[in-house]
Amino acid sequence: MNQHELVYDKTVRVRQYLHKVDETYDKVKSMGEKPDFFEVVEPFVNEVHRCVDEWNQLAKEWVHSHRPKNLYGQQIDAATENMKEVCVQAFDPKTSLRRFKHHIHSVQYVLEKLSAEIKNRAD
């Protein structure tokens, strides 16, 4: 698997987690109660953090070596931090809808931009 495929596959995985986080937030918000921390929250958050940390390293290396227009290492770091925040906040029904969705869209933008740049280079 080459660098493009590796980064692309990991980006797709992070996008899947982001979608799951968004769905979790909607479900928790509608139910109005927090799920069990040790049974549900902690294992999921740890899984997401591992994946996002791996993605961060691969994505920053790819951005550094290919220098896509309007995509920088700082955006990868910001998306990583936002993703780590929202995966925890999704389980709290008191989390602000506006702030949560803003972070989701911010991460989504970086993931989509990176995916598009990788596809353009692979063609």
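Tutor: A helix here is a DSSP run of H or I, at least four residues long, numbered from the N terminus. The model is predicted. In it, N56 sits in helix α2.

Student: Why is N56 called buried?

Tutor: Set the value against the cut-off. Buried means under 20% relative accessible area. N56 has 10% relative accessibility, so N56 counts as buried.

Student: What does N56 touch, beyond its neighbours within four places in sequence?

Tutor: N56 is in contact with I76, D77 and T80.

Student: H64 is also found in helix α2. Is H64 buried or exposed?

Tutor: Exposed means over 50%. H64 reaches 53% relative accessibility, so H64 counts as exposed.

Student: What separates H64 from S30 in sequence and in space?

Tutor: They are 34 residues apart in sequence. From C-alpha to C-alpha, they are 42 Å apart in space.

Student: Now C87. Where is C87, and why is C87 called buried?

Tutor: C87 is in helix α3. Its relative accessibility is 0%. The cut-off for buried is under 20%, so C87 is buried.

Student: How do you know that C87 and V21 come together in space?

Tutor: Along the chain they are 66 residues apart, yet 5.7 Å separates their C-alpha atoms. Contact means heavy atoms within 4.5 Å. By that test C87 touches V21, and also F44, V45, V48 and H49, with residues up to four places away not counted.

Student: Which residues have the most contacts inside the largest nonpolar core?

Tutor: They are V21, W55, M83 and L114, in a core of 31 residues. The elements giving two or more residues to this core are α1, α2, α3 and α4. Helix α2 gives the most, with ten residues.

Student: What does M83 touch?

Tutor: M83 touches V14, Y17, L18, V21, V48, V52 and V107, leaving out residues up to four places away in sequence.

Student: Next, the loop between α2 and α3. Why is N70 there called partly exposed?

Tutor: N70 has a relative accessible area of 41%. Partly exposed lies between buried, under 20%, and exposed, over 50%. The value falls in between, so N70 is partly exposed.

Student: And R67, in that loop between α2 and α3? Why is R67 called exposed?

Tutor: R67 has a relative accessible area of 60%. The cut-off is over 50%, so R67 is exposed.

Student: What are the phi values of R67 and N70 near?

Tutor: Phi of R67 is near 45 degrees. Phi of N70 is near 60 degrees. R67 has a positive value and is a residue other than glycine. That also holds for N70.

Student: Which element gives the most to the lining of the largest pocket?

Tutor: That is α1, with five residues. The pocket has a volume of about 150 Å³. Its lining residues include K20, T24, E33 and F91.

Student: What makes up that lining, by type?

Tutor: It divides into five nonpolar, one polar and four charged residues. K20 is in the lining, and Lys counts as charged, so K20 is one of the charged residues.

Student: How do you know how confident the predictor was?

Tutor: Use pLDDT, which runs from 0 to 100. The mean for the protein is 95, and 99% of its residues reach 70 or more. Confidence is highest in α3, at 98, and lowest in α4, at a mean of 95.

Conventions. Residues numbered from 1 in each chain as written. Predicted model: local features only at pLDDT ≥ 70, side-chain atom pairs only at ≥ 80, totals over all residues. Heavy atoms only, no water. Buried < 20%, exposed > 50% of the residue type's maximum accessible area, 1.4 Å probe, protein only. Core = buried A, V, L, I, M, F, W, Y, C linked by side-chain atoms within 4.5 Å. 1 Å grid on protein atoms, 1.4 Å probe; cavity = no way out; pocket = protein on both sides within 12 Å on 5 of 7 lines; lining within 4 Å. Points joined across faces, edges and corners; volume = space filled by probe spheres on them.
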